[in-house]
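Biologist: I am new to reading structures, and I would like a close look at one single part. Could you walk me through a helix and the side chains that pair up around it?

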Amino acid sequence: MSTRRLVSSGGPWEAVVGYSRAVRVGDHVSVAGTTAATPDGPVGGDDLAEQTRVCLTRIRAALLEAGATLEDVVRTRMFVTDISRWEEVGRVHGEFFGHVRPASTMVEVSALIDPRLLVEIEADAVILR
């Protein structure tokens, strides 16, 4: 029987909303929607590429805590507030996953939880080693 392992970022919304940064069950790891949010506003301000870089760096840290790596990622989902800027997000995604090439989706959403946030990213991984 697989065990369920929760990974917390320590963020204030986790307890209120009732979610974890990542959950590992067996060899599967799911990382929740991840943003560049801080109490003082998003890291990177209006720089969409920098917000994306922060999201993916936080995802990498959650994966590592769960025993996975970026190489184990099989799917990402990117939610952006302005799809016309898709290339800024896509290029950074490629910096992290160009050699892995997970199945990926990018969609425009009307808003994220804080209007200063421009991107939110989720990831799913399967550990094969």
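Modeller: Happy to help; here is a walk along one helix and its partners. Keep in mind that this is a predicted model. Our helix is H2, which covers residues 48–65.

Let's begin on the inside. Thr52 belongs to this helix, and its relative accessible area is 0%, so Thr52 is buried, as that label applies to anything under 20%. Leaving aside residues up to four places away in sequence, Thr52 touches Val89, Val92, Val119 and Ile121.

Now look at the charged side chains. Side chains of opposite charge can pair when their charged atoms come close. In helix H2, Glu50 and Arg53 sit 3 residues apart, about one turn of the helix. Their side chains form a salt bridge, with a distance of 3.2 Å from N to O. Glu50 is partly exposed at 28% relative accessible area, and Arg53 is partly exposed at 26%.

Arg53 has another partner: its side chain meets that of Glu95 in a salt bridge, at 3.2 Å from N to O. Glu95 lies in helix H3 (residues 86–97) while Arg53 lies in helix H2, so this pair ties together parts that are 42 residues apart in sequence. Glu95 counts as exposed, with 51% relative accessibility. Put together, Glu50, Arg53 and Glu95 are linked in a network of salt bridges.

For a wider view, the structure holds 8 salt bridges. Among them is the one between Glu88 and Arg85, whose closest N and O atoms are 2.8 Å apart. Glu88 is partly exposed at 31%, and Arg85 is partly exposed at 26%.

Conventions. Residues numbered from 1 in each chain as written. Predicted model: local features only at pLDDT ≥ 70, side-chain atom pairs only at ≥ 80, totals over all residues. Heavy atoms only, no water. Helix = DSSP H or I, 4+ residues; strand = E, 2+ residues; numbered from the N terminus. Buried < 20%, exposed > 50% of the residue type's maximum accessible area, 1.4 Å probe, protein only. Contact = heavy atoms within 4.5 Å. Salt bridge = Lys/Arg side-chain N within 4 Å of Asp/Glu carboxyl O.
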